[in-house]
Amino acid sequence: VLGGEIIGIDLASSAAVAGKALTRALSAYGVLVSRTGNIPLQEARFLARLFSQDARFHCAASGGLPPSRFAEMMDPAWQAERPAAILVRAEQVPSQGGESIWSSLHTAYRSLSAPMRRYLATLNAAHGRHESHREIWRPLIAPHPVTGDACLDFSPDFTHEIGGVPEEESRMILELLRNHVYTPENQIRIPWSEGMAVLW
């Protein structure tokens, strides 16, 4: 339901053409992977700036980031202004494990029943949870900022309350959505390799 592979990209020779092609591909596939390590760090920075001139870069030391901080970088749901795109490049990978999972919030929304979609469209959700984040309320169903497709505006890690309903009902809705987003049919699982880059 999502995912495409970047092969043979050359940002240096034709940045404008590559940028337009990647923007179209990102809209179509949601997640783009370059497995071959053919996007060096300098080009990764340039690539990020194709989507935003205000691109910010976070580098982890050799020991890596704490899981909570890495989750914040990978899932921008708690941010008031979410980024146009996120790019992660693997400098080092663990000897075991080292996979990431992406979920299609559009596919998750479309695979809900029509009555459930209508009900969720009336609700707002709170994102934040951690003390360092201020709570942000947004509609639970929102258009994708690039494609305009209806999507769940939901994060298993950062969406923590449904507004306008009793607390028990809020917990039930959150559990339903967590289970639904985690359904394998709504996901892609990608093993990392050194130098690999993922853009979403």
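Let me begin with S170, which is found in helix α6, the helix that covers residues 167-181. Please keep in mind throughout that this is a predicted model. Is S170 buried or exposed? With a relative accessible area of 6%, S170 is buried, because the cut-off for burial is under 20%. Leaving aside neighbours within four places in sequence, S170 is in contact with E161, I162 and V165. There is also a relation to a part of the chain further back: the C-alpha atoms of S170 and A125 are separated by 9.3 Å, and the two residues are 45 residues apart along the chain.

Two of the residues just named bring us to strand β9, which spans 159-162, and so I turn to the sheet that contains it. This is an open sheet of 3 strands in the order β6-β5-β9, and the pairing is antiparallel. Which strands are at the edges? They are β6, residues 136-139, and β9, each of which pairs on one side only. From one strand to the next, the twist averages 35°.

Within this sheet, strand β5, residues 124-127, pairs with β9 over 3 bridges, in the antiparallel sense. A126 stands opposite E161 in β9, and E161 has already appeared as one of the contacts of S170. On the β6 side, I would point to I136, whose place is in that strand. I136 is buried, with a relative accessible area of 10%. The C-alpha atoms of I136 and A126 are separated by 5.5 Å, while the residues are 10 residues apart along the chain. A126 can therefore be followed in two directions on the screen, towards E161 in β9 and towards I136.The second sheet is built differently in its pairing. Here 4 strands form an open sheet in the order β1-β2-β11-β3, and the pairing is mixed. What is the position of β1 and β3 in this sheet? β1, residues 4-5, and β3, residues 87-89, stand at the edges with a single partner strand each, so one side of each has no neighbour in the sheet. β1 is joined by 2 bridges to strand β2, residues 32-34, and these two strands run parallel. As an example of the register, the bridge partner of G4 in β2 is L32.

I now come to the aromatic residues. How many aromatic pairs are there? The count comes to 2 aromatic pairs. In one of them, W102 and W192 are tilted with respect to each other, at 6.3 Å centre to centre and with 50° between the planes. This pair links distant parts of the chain: W102 belongs to strand β4, residues 99-103, whereas W192 is in the loop between β10 (187-191) and β11 (197-199), 90 residues apart. Both of these residues are buried, W102 at 7% relative accessibility and W192 with a relative accessible area of 15%.

W102 also pairs with W200, and that arrangement is edge-to-face, at 5.3 Å centre to centre with 70° between the planes. What does this pair tie together? W102 lies in strand β4 and W200 in the segment after β11, so the pair ties together parts that are 98 residues apart in sequence. W200 is buried as well, with a relative accessible area of 16%. Through these ring pairs, W102, W192 and W200 are linked into a cluster.

Next to W102 in sequence is S104's loop, between β4 and α4, the latter being residues 105-110. S104 is buried, with a relative accessible area of 9%. Not counting residues up to four places away in sequence, S104 touches V1, L2 and N186. One further side-chain arrangement involves a ring: R117 lies over the face of Y109, at 5.7 Å from the ring centre.

To close, some values for the whole chain. The chain has 6 helices and 11 strands. Of the 200 residues, 39% are buried. Among contacts with a separation of 6 or more, 73% are between residues 24 or more positions apart. The chain exposes about 11,600 Å², of which carbon and sulfur atoms supply 52%.

Note on methods. Residues numbered from 1 in each chain as written. Predicted model: local features only at pLDDT ≥ 70, side-chain atom pairs only at ≥ 80, totals over all residues. Heavy atoms only, no water. Pairing = 2+ DSSP bridges. Axes fitted to C-alpha atoms, helices over the stretch in contact; angles between N-to-C directions. Buried < 20%, exposed > 50% of the residue type's maximum accessible area, 1.4 Å probe, protein only. Contact = heavy atoms within 4.5 Å. Areas by Shrake-Rupley, 256 points an atom, 1.4 Å probe, with all protein chains shown as cover. Phe/Tyr/Trp six-rings, centres within 6.5 Å; stacked < 30°, edge-to-face > 60°. Lys NZ or Arg CZ within 6 Å of the ring centre and 35° of its normal.
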